[in-house]
Amino acid sequence: MAETLLVFQSPVMAPDDTPHEARACGSEMSGGGWQGWLEFFPLAGGPPVRSPRETTQPNRADTEYWATGLTPVFLEGALVRALTPPPNVPVAPPQPSVFAGPAPSVFKRAAEVSRASVLNPFSVYEKGESLLRRQLGALSAWHLVNIVRAYELTDEPVDRLNRLSAASLIGLIVRATRDRLFQRRPA
């Protein structure tokens, strides 16, 4: 049940210079805790107004303590909030999605790639080209060929790939990875 916790002795002036009596009110909330707000009564008569919730406290005593610390400036602001109707925000109806799901991933999922490939060049490249070059440099040529084949980075036949040097394979992997990543990204 809502109750008045404190009646302020000094009147609060509205923007149009009408004096109001201010009262700090509170009530227990259904989920526990207390909420506090302010009610204003025009001294010349008329309907009272109330502010939105101004505080949430763990109990009645803390809500009452909150009320004792309110300043005249805070009360004036709360009166303005109470006198100002909430904005009318239009809500747009939800629009259906054009697609049934997200775009396919830029690189193949690990389950789709042969287990013979020891790293995913796309995921490493996204952390930096120099990191990809360093990691590829630590691999043997046959690992590099397996990466090229697993990720379909070229149409070259396997026997041609096996004749390339490790440096040439690294260059091929980096170029193909970069080209494929930047080809699919929007400008």
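Which residues in the largest nonpolar core touch the most other members? Leu132, Leu136, Ile147, Leu153 and Ile173 do, out of the 21 residues in that core. Keep in mind that this is a predicted model. Here's a quick tour, starting with the cores and then heading out to some exposed loop residues.

**The nonpolar cores**

- Helix 3 (121–125), helix 4 (129–137), helix 5 and helix 7 (166–184) are the elements that each give two or more residues to the largest core.
- Helix 7 chips in the most, with seven residues.
- Take a look at isoleucine 173: setting aside neighbours within four places in sequence, this residue is in contact with Pro121, Leu136, Leu144, Ile147, Val148 and Leu153.
- There's also a second, separate core of 14 residues, and Ala22, Ala67, Leu70 and Ala82 are among them.

**Positive phi angles**

- Most residues other than glycine have a negative phi.
- Aspartate 17 isn't a glycine, yet its phi is positive, near 70°.
- You'll find aspartate 17 in the loop between strand 2 (12–13) and strand 3 (19–28).
- Glutamate 152 isn't a glycine either, and its phi is positive too, at about 50°.
- Glutamate 152 sits in the loop between helix 5 (141–150) and helix 6 (158–163).

**Exposed loop residues**

- Aspartate 17 has a relative accessible area of 58%, so it counts as exposed, the cut-off being over 50%.
- Glutamate 152 is exposed as well, with a value of 52%.
- Aspartate 155 lies in the loop between helix 5 and helix 6, and it is exposed with a relative accessible area of 81%.
- The C-alpha atoms of aspartate 155 and glutamine 95 are 43 Å apart, and the two residues are separated by 60 residues along the chain.

Key
Residues are numbered from 1 along each chain as its sequence is written. This is a predicted model: local features need pLDDT of at least 70, side-chain atom pairs count only at pLDDT 80 or more; totals for chains, interfaces and linings use all residues. Side-chain values use heavy atoms; hydrogens and water are left out. Helices (H or I, at least four residues) and strands (E, at least two) are DSSP runs, numbered from the N terminus. Buried means under 20% relative accessible area, exposed over 50%, partly exposed in between (1.4 Å probe, protein chains only). A nonpolar core is a set of buried Ala, Val, Leu, Ile, Met, Phe, Trp, Tyr and Cys residues joined through side-chain atoms within 4.5 Å. Contact means heavy atoms within 4.5 Å.
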